[in-house]
Amino acid sequence: MIRTQLASGVLTRIRQGVFVATAGVPDDPPDKHLLAAHAELVVHTGAVISHQSAAVVWALPHPGFDRWHECAPSVTIPGPGARSRDAGAVHHRGNLPPAQVTRDEEGYAVTTVARTAVDLAAGRDLPDALVLCDAAMRRVVDAMVSRAHRAQYANPRLARAARELLTQAAEAHGRSGLTTALALADPARESVPESLTAGHLHLAGLPAPLFQHKLITPVGPLYPDLYWPDLGLVGECDGAMKYSDALGYVAEKEREQVLRDLGYGIVRWLAKEVMLTPQVVVDRIARAMGL
């Protein structure tokens, strides 16, 4: 009967032993990825969606140009053993603390956002690790408040609480190597390029900026990407999303002119520059600092 329905297109095989009605197969690539991850939990009792697949659940950004849903589905299966592949999925082995497992919207077990970030950040260099830790801290702050906004991401109390959750996850992980990343992580950073820039500035030994800091101006409050109060220097990381239309481009230029008229120095770089040629960005910022 199953073979007949597969042949007729009524059923679709997700992995060996797991089938769903073809009409229920999503078109969206992230949803397709999660369907495959859910199938692993059907086959493996006690398994938990983790790593790349958990990043899809939590919409965590990728430090590079890839996307998590383009990776193989990933789950953690209880018990000892090495990481392996089966039926196109990645199987991690280990016993997760109950406090670091929750449920996704469909009721499937998934690692918490803090544990997910630690699993993926472990072993990465500092800038990449900050991308994941910063984003995870923002998700934790989102869960703590009814409606998140800039002031809450900059709230030291909320930031400490979020950092504590990531620290606990790192301690349970055991070999994360994330001490520096967790100390520097900041939920105020709004984008991957901002997090990458923070990591490269730290590695270069340059002064740390404030992120999304409120500046009072004649046209109202402005929130530059980076700001060095002692230097009166504003840093702006430009990505395609900032200038999705002509009006956005004009508004950004007007904003910059307001800051220049107030005496602030401005240094700019492109998102792709900090991703592909970070030393170019670090050198440009150092020159703007007079170093």
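Ser 74 sits in strand β4, which covers residues 74–77. In this predicted model, the residue is about as hidden as they come: Ser 74 has a relative accessible area of 1%, so it counts as buried. Its side chain still finds polar company. One polar contact goes to the side chain of Gln 52, at 3.0 Å. The backbone oxygen of Ala 72 is another neighbour, lying 3.3 Å from a polar atom of the Ser 74 side chain. Beyond the residues within four places in sequence, Ser 74 touches a run of residues from Val 48, Ile 49 and Ser 50 through His 51, Gln 52 and Ser 53, and it also meets Val 90 and His 92.

His 51, one of those contacts of Ser 74, deserves a look of its own. It lies in helix α3, and its phi is near 50°, a positive value in a residue that isn't glycine. With a relative accessible area of 12%, under the 20% cut-off, His 51 is therefore buried. Gln 212 tells a similar story elsewhere in the chain. Here too phi is positive, at about 55°, although the residue is not a glycine. Gln 212 is placed in the loop between β9 (210–211) and β10 (215–217), and its relative accessible area of 8% means that it is buried as well.

Helix α4 takes being covered quite seriously. Spanning residues 113–121, it has nine of its nine residues buried. The list mixes Val 113, Ala 114, Ala 117, Val 118, Leu 120 and Ala 121 with Arg 115, Thr 116 and Asp 119. What does the covering? Among the elements packed over the buried residues of α4 are helix α3 (51–58), strand β8 (109–111), helix α5 (126–144) and helix α7 (156–173). After α4 comes Gly 123, with a positive phi near 85°.

Closer to the start of the chain, strands β1 (residues 11–15) and β2 (residues 18–21) run antiparallel to each other and are paired over four bridges. Thr 12, for example, has Val 20 in β2 as its bridge partner. The two strands make a hairpin with two residues between them, and Gly 17 in the turn has a positive phi of about 90°.

At the other end, Gly 290 belongs to the segment after helix α12 (278–288). Is this glycine buried or exposed? Its relative accessible area is 62%, above the 50% mark, so Gly 290 is exposed. Its C-alpha atom is 49 Å from that of Asp 31, a residue 259 places away along the chain.

Stepping back to the whole protein, there are twelve helices and 14 strands. The C-alpha trace spans about 75 × 45 × 40 Å along its principal axes. Of the 291 residues, 46% count as buried. Contacts also reach across the sequence: among those with a separation of 6 or more, 54% link residues 24 or more positions apart. About 14,900 Å² of the protein is exposed, and carbon and sulfur atoms supply 53% of that area. As for charge, the protein carries 29 positive and 31 negative side chains, with the centres of the two sets 4 Å apart.

Key: Residues are numbered from 1 along each chain as its sequence is written. This is a predicted model: local features need pLDDT of at least 70, side-chain atom pairs count only at pLDDT 80 or more; totals for chains, interfaces and linings use all residues. Side-chain values use heavy atoms; hydrogens and water are left out. Buried means under 20% relative accessible area, exposed over 50%, partly exposed in between (1.4 Å probe, protein chains only). Contact means heavy atoms within 4.5 Å. Accessible areas come from the Shrake-Rupley method with a 1.4 Å probe; for residues, only the protein chains shown count as cover. Lys and Arg count as positive and Asp and Glu as negative; His and the chain ends are not counted. The place of a charge is taken as NZ of Lys, CZ of Arg, CG of Asp or CD of Glu. Two strands pair if DSSP finds at least two bridges between them. A polar contact is a pair of N or O atoms within 3.5 Å; within protein, one must be able to donate a hydrogen and the other to accept it, and residues adjacent in sequence count only if both atoms are side-chain atoms.
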